[in-house]
Amino acid sequence: MSDSVEEWDVERVRQWLHEHGFSSYTNLLCDRHRLDGSCLLMLTEQDLKQPPLEIKVLGDVKRLWLRLCELQGAGARPSAALGSPRKQCRIAAVESSDTDAVEEVPERERALLGYATSLRPERFKAVLSMLYLLLVTWITSFVMVIVHDRVPDMKRYPPLPDIFLDNIPHIPWAFGICELIGTTLLVIWISVLLVHKHRFILIRRFNSLCGTVYLLRCVTMLITSLSVPGAHLSCAPREYGDIYAKLYQAYSIWHNAGLSIQGVRSCGDYMFSGHTVALTMLNFFITEYTPRRIYFLHTFTWLLNVFGVFFILSAHEHYSIDVFIAFYITSRLFMYYHTLANNQVKRKRADEKRTRIWFPMFSYFEANVHGTVPNEFEWPVTREWLASMASAAVEKARHLGVLGGGGKLGVGGGREMNGGGVRNGVRKHRHRR
């Protein structure tokens, strides 16, 4: 076929169906659903099986899909289009997040596999998400000051019964180790961001999810004040004075990231564990946006997550229910967000309206991401970029040097002219005399 498939109209699709023995489906595909050439190139086997097409005969589905693969493969043999070992390896690699193979897969095949194509960085959204996270962390710090004033009296309200805390002895240094584990996960995540090709999409996803979970934590801390979980803790309401003193204390907590290794000591912020949220969110993002073949890294981050939670409980800084709810909310929100983001193309129009109402931030941040973000990596600073920057700097320096020399010459010339003018004036005055 000499003409381009993308330029086919509905009648040309009807002719193609007749030529390949699918005349019985011309009414369904051409009359009812008005499929043209570009639509044929986007059809999948699932589209043929599911509503609204819903072809019932399995043999017809397979035969039609075989012809569509030939068409989408630009005239390749069916065996090459469907069963070539190289293509099967590429598709398997893409489905397993093998980044080396993702770059080899053509853009059309990626779209058929559900991966997003033509992704734009949209740096403004990343900056906006960062401002959102900073605002939420400041609100969290202020709420921690408020709940500390409302902490129940330890003599009147002893620690609640807890299966884990009642059977595990208190380890004084455990909470500091937990925060060092969180710092290690943060360093790994920053390293992933530096080399990931779609780093700005990852940044806004991480910031928006963390901000949302910590905003929910502010609400749960304010609603109910639990008794202090450990008898070793010295918790009592503090006299902060006026609102400015409270704001200063909140700034101190915010400035030191709420870490005990930075000297922050707070009580009453138990439901739910903010440290568990940070550990779990970092672990999930690292495992999601690194290739699955790096088993050592994924095993390592999961071990850090589990041991970090264990050290939180061993320090008797939180009840077991605090840690469990924190892990559950963080993991569920992470998976719900990515499920919605990875399946935006398949959602119906009614679902899109519902999403805009209930998840406005998600709808804004993910408006131009249609599918799964592939794990592709690149150096943040390449040789080509360095060479272009160096050549631009040399050219600018050379240009400035030429201008500087010309300016000096011009000044000197002006002085000589002024000097000549003065001498001529003196000669005229003498001649008059």
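This is a tutorial dialogue on reading the features of a predicted model.

Me: How many helices and strands does the protein chain contain?

Reply: The predicted model has 20 helices and zero strands in its protein chain. Of the 433 residues in the chain, 40% are buried. Among contacts with a separation of 6 or more, 77% join residues 24 or more positions apart.

Me: How should the packing of two helices be described, and what are the values for H13 and H17?

Reply: Two packed helices are described by the angle between their axes and the distance between those axes. The axes of H13 (residues 199–223) and H17 come within 11 Å and cross at roughly 140°. H13 is therefore oblique to H17. The crossing in which H13 passes H17 is right-handed.

Me: Which residues of H13 and H17 meet?

Reply: On the H13 side they are Arg205, Ser208, Leu209, Thr212, Val213 and Leu216. Their partners in H17 are Ile329, Thr330, Leu333, Phe334, Tyr337, His338 and Ala341. As a general guide to such lists, an α-helix has 3.6 residues a turn, so residues three or four places apart point the same way.

Me: At what angle do H15 and H17 pack, and how far apart are their axes?

Reply: The angle is about 35°, and the axes of H15 and H17 are 9 Å apart. The crossing of H15 and H17 is right-handed. H15 contributes Thr276, Val277, Thr280, Met281, Phe284, Phe285 and Glu288 to the contact, while H17 contributes Val323, Ala326, Phe327, Thr330, Ser331, Phe334 and His338.

Me: Is Thr330 buried or exposed?

Reply: Thr330 has a relative accessible area of 1%, so Thr330 is buried. The residue is found in helix H17 (residues 320–342). Beyond its neighbours within four places in sequence, Thr330 is in contact with Val213, Val277, Thr280 and Met281. Val213 is listed among the H13 residues that meet H17, and Val277, Thr280 and Met281 are listed for H15 in its contact with H17.

Me: Which backbone oxygen lies 2.7 Å from a polar atom of the Thr330 side chain?

Reply: That oxygen belongs to Ala326. Ala326 is also one of the H17 residues in the contact with H15.

Me: How can the length of a helix be checked, and what span should H5 have?

Reply: The expected span, at 1.5 Å a residue, is set against the distance between the end C-alpha atoms. For the 15 residues of H5 (residues 58–72) the expectation is 21 Å, and the end C-alpha atoms are 21 Å apart, which agrees. The buried residues of H5 include Asp60, Val61, Leu64, Trp65 and Leu68.

Me: Which residues does a cis peptide bond join in the loop regions?

Reply: One such bond joins Pro51 and Pro52, with omega about 10°. Pro52 is found in the loop between H4 (45–49) and H5. Another joins Met271 and Phe272, again with omega about 10°. Phe272 lies in the loop between H14 (243–255) and H15 (274–288).

Me: Where do Glu122 and Ala257 lie, and what is phi for each?

Reply: Both have a positive phi in a residue other than glycine: near 50° for Glu122 and near 60° for Ala257. Glu122 lies in the loop between H9 (107–112) and H10 (123–149), whereas Ala257 is found in the loop between H14 and H15.

Me: Is each of them buried or exposed?

Reply: Glu122 counts as buried because its relative accessibility is 18%. Ala257, at 58% relative accessibility, counts as exposed.

Key:
Residues numbered from 1 in each chain as written. Predicted model: local features only at pLDDT ≥ 70, side-chain atom pairs only at ≥ 80, totals over all residues. Heavy atoms only, no water. Helix = DSSP H or I, 4+ residues; strand = E, 2+ residues; numbered from the N terminus. Buried < 20%, exposed > 50% of the residue type's maximum accessible area, 1.4 Å probe, protein only. Polar contact = N/O pair within 3.5 Å; in protein donor to acceptor, adjacent residues only side chain to side chain. Contact = heavy atoms within 4.5 Å. Expected span 1.5 Å × (residues − 1). Axes fitted to C-alpha atoms, helices over the stretch in contact; angles between N-to-C directions. Parallel < 35°, antiparallel > 145°, perpendicular 65-115°, else oblique. Left-handed = near helix turned anticlockwise from the far one by under 90°.
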